[in-house]
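This report looks at the internal spaces and the packing of one protein chain, to be read alongside its sequence and coordinates.

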Amino acid sequence: MDYTLLIERFAREHAHRGWPRQRLLHECLRSAIRSGTLAAGTRLVATRTLAGELGVARNTVLYAYEQLASEGFVTSDKRGTIVAGIAPDGAAWRGAEIPQVSLSRRVHDLRPLHNASNRSDAFAPGVPDLAHFPITLWRRMLERAWRAAGPAQLNYAEAAGEPALREAIADHLRASRGVVCDASQVFITDGSQSSMDLCAQACADAGDTVWIENPGYSGALASFRSATLKIEGIAVDREGIAPKARDWRERPPRLIYVTPSHQYPIGSVLSLPRRLALIEGARRAGALILEDDYDSEFRHDGAPLSAMQGLVPDAPVIYLGTFSKTMFPALRIAYIVVPKRLSVAMATLRAQSSLRGRSVEQLALAEFIRSGQFALHLRRMRRLYRQRCDALVAALQTHLGKIAEVHGASSGMHLSLRLRDAALSDVEITRRAMEEGICVNALSRHAIGGKTEWNGLMLGYAQVPAEAMGGLVKRLAAIVHMAAYAANRKG
């Protein structure tokens, strides 16, 4: 308890009373006890110490303590002067009208997120198999990084991120994703959501138009809405986002958010002609493409597709990547790669708006990448996820092949199951599945602008052993068939 601050504030509030110092101290302490600021059982500071802190005679403090004791507010024992068990007095505020505090309008515009990525139930999307992460190896690298750390690593880190990690990421992206960049274009963030918040704030003004895939990622929608951008949903088909000529003409974008390597949540892959057309359209519109490459490292049908960022020289693309899927979510490290012409401005913005820490984790991650362990871990997980994906697809075709079709099984950690009967409610199926401990997402809940033609389920398979797929899908199929039976009876 800072007695000096407490008494100075009380003295300012009651300066008009003209109390002498003795009474002022007594009234202040009594008020603090009655309000609960000095809780029952609190030992008051010794009289000599308090007199020294306040610059008053000790007799002034003795008077205040003696008055409190005579009124029953404090007691004395071998430990000193103790606050007695007095119920806090709420008379000062009980009858007052308390104003309602509300959040900003932009927060009220946000829709609830139906994201089950923090769950570990069967088919929860977005979470890697954490049991297969080499945690012992990671712990050793963290320990080495801490041993090498000095006072500089305890200070605020560089706003753009540790240079060693930026270099390692740039080298990895050039080799594995075809990204054309150097370390000066790489900026470390606290996760994908942080990356999208940064891009929304840095690259567009309030009221600017942003295109987002429909159905699309709710986290991106939340970032753009909080930045008060105008949201325009662009329909997705089997080849990814499909803007029409009138979209470019009637609602030209400032930003275009896409997940081209594995569309979220459908799973479709944006075809090369559409990638090139989108880049050319963005050039003509003066727009920037936000390429979210969240799980492209796990390609099951051949090598990972090259990123849009490197398809043409000086592409108007900001590339977003994360280690939440390739490493583990709690690491909270992601990155963006900006066009060369924007790197100085982005560095200036980050230096003025972001004080970062966690240098040690970044240095350990840089070693993990440089040592080759990151690439080795990716290869292992790619094989594991392909086995699980194949097992899931086979089970879905066996138990639900007549009622639904599979999409997006070529890469990533999830696929989608599109229901052929539009009368079936994917939201209701999701609810019933959750009651059975099966975590699936309804595709319709990812609609942008209130509606989408996609009706079905999003199933994550990264955490589910291949041998368990058959039994789990059979349980899910029973729920879907029951819903179909009920819909047919109503029809």
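How much space lies in the largest cavity? In this predicted model, the largest cavity holds about 110 Å³ of space.

## Enclosed cavities

The count of cavities of 30 Å³ or more comes to six. The lining of the largest cavity is made up of 14 residues, and those that lie nearest its centre are D293, E297, T322, T326 and Y335. Two elements, α8 (163–176) and β9 (317–322), each give two or more residues to this lining. Sorted by class, the lining of the largest cavity comprises seven nonpolar, five polar and two charged residues.

## Nonpolar cores

The largest nonpolar core has 69 residues, among which F123, F323, M327, L365 and L459 touch the most other members. Helix α15 (residues 373–400) provides the largest share of this core, with eleven residues. Leaving aside residues up to four places away in sequence, L365 touches W138, L165, F323, M327, L331 and I333.

A second core, separate from the one just described, has 33 residues, including C199, L229, I266 and I448.

## The second largest pocket

The second largest pocket contains about 320 Å³ of space, and its lining consists of 15 residues, of which N214, I234, A235, V236 and E453 lie nearest the centre. Strand β5 (residues 230–237) gives the largest share of that lining, namely five residues. By class, the lining of the second largest pocket divides into six nonpolar, four polar and five charged residues.

Methods: Residues are numbered from 1 along each chain as its sequence is written. This is a predicted model: local features need pLDDT of at least 70, side-chain atom pairs count only at pLDDT 80 or more; totals for chains, interfaces and linings use all residues. Side-chain values use heavy atoms; hydrogens and water are left out. On a 1 Å grid over the protein atoms alone, a cavity is a set of points where a 1.4 Å probe fits but cannot get out, and a pocket is an open set with protein on both sides within 12 Å along at least five of seven lines; lining residues have an atom within 4 Å of a point. Grid points are joined across faces, edges and corners, and a volume is the space filled by probe spheres set on the points. Helices (H or I, at least four residues) and strands (E, at least two) are DSSP runs, numbered from the N terminus. Ala, Val, Leu, Ile, Met, Phe, Trp, Tyr, Cys and Pro count as nonpolar, Asp, Glu, Lys and Arg as charged, and the others, Gly among them, as polar. A nonpolar core is a set of buried Ala, Val, Leu, Ile, Met, Phe, Trp, Tyr and Cys residues joined through side-chain atoms within 4.5 Å. Buried means under 20% relative accessible area, exposed over 50%, partly exposed in between (1.4 Å probe, protein chains only). Contact means heavy atoms within 4.5 Å.
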